[in-house]
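Please look over the sequence and the model together before reading on. The paragraphs below lead through the fold step by step, and they are best followed with the structure in view.

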Amino acid sequence: MKNNEKHFKSGFITIIGRPNVGKSTFLNHVIGQKIAIMSDKAQTTRNTIQGVLTTDDAQLIFIDTPGIHKPKHRLGDFMVKVATNTLNEVDLILFMVNATEEFGRGEQYILEKLKDVHTKVFLVINKIDLIHPDQLIEVIAQYKDKYDFAEIIPISALQGNNVERLIDVIKNYMPEGPQYYPNDQVTDHPERFIIAELIREKVLHLTREEVPHSVAVIIEKIEKRDNGTIHIMAAIIVERNSQKGIVIGKQGAMLKEIGKRARMDIENLLGSKVFLELWVKVQKDWRDKATLLREFGYREDEY
Ligand SMILES: Nc1nc2c(ncn2[C@@H]2O[C@H](COP(=O)(O)OP(=O)(O)OP(=O)(O)O)[C@@H](O)[C@H]2O)c(=O)[nH]1
């Protein structure tokens, strides 16, 4: 790195935690007036971008992964799986807990889910304004051996204590990357991330072991037509011609099945009729094209 050359950092972060631990309060405090995007439909049951914090040197994109703290969601196990996939693709996870509550089954449930995840996790202990510093030591002791947290950071989201520091540490963990969203306006479709994930899930499921996990899905267009139908165009990116053949299948049968199943889930998710157009593209070493992929919420696989 050259002297005084500043590198912009950006990444996707998800906050998980039981209801009422203070996730919204934290986001409101962090993003507050600077809020660039809130999902226009404010659906709490989907993967949505909850807010974007843009500073001089970084852009932090907070997304929601509902399935992880709401296992009884109508899409059930499937959502939990999507949530786990999503957790593997974000750059950082904040596991938020309430300092005034004992470690319990809810926390245990989340830690179990995190065992399948490679992304770094911060333990954020919120509501420290309600406890004595001595108690904080006990809370930390309760958690610290239960998971290999990258950082443990106590805050008060309500009063703002230590929140700035948390943001600084988050920035340290972000990869170098572009500013995805303009400072004050966002054009992205909030459901983009989960739609890509739903399609990818079908590819992996239907092709079993034949197509590697490195397969990516890029949503190229989401458009609402006058008749209310949502037109989605997506590319399935594989690394080899042989994989392209598998994904397309005999006379296109596999791609048709992938499309059918994905469309049904997407319709379920969006609550409207969907026209899904899929195509398969071979892009060798796409994993090196981190910038392109991050734009769509993906990160390079770690193997
Ligand atoms: N004393 C104190 N109260 C807090 C703090 N953070 C959040 N709260 C309160 O805790 C309650 C729940 O906060 P939310 O931010 O709605 O919690 P949440 O995790 O977003 O909840 P869900 O949307 O149900 O998942 C609210 O009454 C907040 O005012 C804090 O740092 N200190």
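In which segment does His7 lie? In this predicted model, His7 belongs to the segment before S1. His7 counts as exposed because 11 C-beta neighbours fall inside 10 Å, where 12 or fewer is the cut-off for that class. His7 also has a counterpart from a distant part of the chain, since the C-alpha atoms of His7 and Pro178 are separated by 9.3 Å although their positions lie 171 residues apart along the chain.

The overall composition gives a frame for the details that follow. The protein chain has 303 residues, of which 37% count as buried, and its secondary structure comes to 10 helices and 9 strands. Among the contacts in the protein chain with a separation of 6 or more, 69% are accounted for by residues 24 or more positions apart.

A good place to enter the fold is strand S5, which covers residues 121-126. Is this strand enclosed or open to the outside? Strand S5 is largely enclosed by the rest of the structure, because 6 of its 6 residues are buried. The burial applies to both faces of S5, with Val121, Leu123 and Ile125 buried on one side and Phe122, Val124 and Asn126 buried on the other.

The pairing partners of S5 can be taken in turn. Strand S4, residues 92-98, pairs with S5 in the parallel sense over 6 bridges, and within this pair Asn98 stands opposite Asn126. Between these two strands the chain passes through helix H4, residues 105-114, in a β-α-β crossover that is right-handed. S5 also pairs in the parallel sense with strand S6, residues 151-154, over 4 bridges, and here Pro154 in S6 is the bridge partner of Ile125. The route from S5 to S6 runs through helix H5, residues 133-144, and this β-α-β crossover is likewise right-handed.

Helix H5 can be examined for both its length and its surroundings. At 1.5 Å a residue, the 12 residues of H5 should span 16 Å, and the distance of 17 Å between its end C-alpha atoms therefore agrees with that expectation. H5 is hardly covered, as the count of buried residues among its 12 residues is 1, whereas in strand S5 the buried residues number 6 of 6.

An antiparallel arrangement is found further along the chain, where 8 bridges join strand S7, residues 216-224, to strand S8, residues 230-238. Lys221 stands opposite Met233 in S8, and the two strands form a hairpin with 5 residues between them. In the turn of that hairpin, Gly228 has a positive phi of about 95°.

Positive phi values also occur in residues other than glycine. As background, most residues other than glycine have a negative phi. Asn20, with phi near 75°, is found in the loop between strand S1 and H1, and Asn20 is exposed because 11 other C-beta atoms lie within 10 Å. Gln251, with phi near 50°, lies in the loop between helix H8 and H9, and Gln251 counts as exposed because its C-beta neighbours inside 10 Å number 8.

Helix H9, residues 253-270, contains Met264. Is Met264 buried or partly exposed? Met264 is partly exposed, because 14 other C-beta atoms lie within 10 Å, while 20 or more would be needed for a residue to be buried. The C-alpha atoms of Met264 and Leu276 are 9.8 Å apart in space, and the two residues are 12 apart in sequence.

The last stop is the ligand and the residues around it. Which residues come nearest to the ligand? Of the 15 residues around the ligand, those that come nearest are Pro19, Gly22, Ser24, Thr25 and Leu158. Helix H1, residues 23-31, supplies the largest share of this shell, with 3 residues. By character, the residues of the shell divide into 5 nonpolar, 7 polar and 3 charged.

Technical notes: Residues numbered from 1 in each chain as written. Predicted model: local features only at pLDDT ≥ 70, side-chain atom pairs only at ≥ 80, totals over all residues. Near = placed C-beta within 6 Å. Nonpolar A, V, L, I, M, F, W, Y, C, P; charged D, E, K, R; others polar. Contact = placed C-beta atoms within 7 Å. Pairing = 2+ DSSP bridges. Right-handed = clockwise from strand over helix to strand, strands pointing away. Expected span 1.5 Å × (residues − 1).
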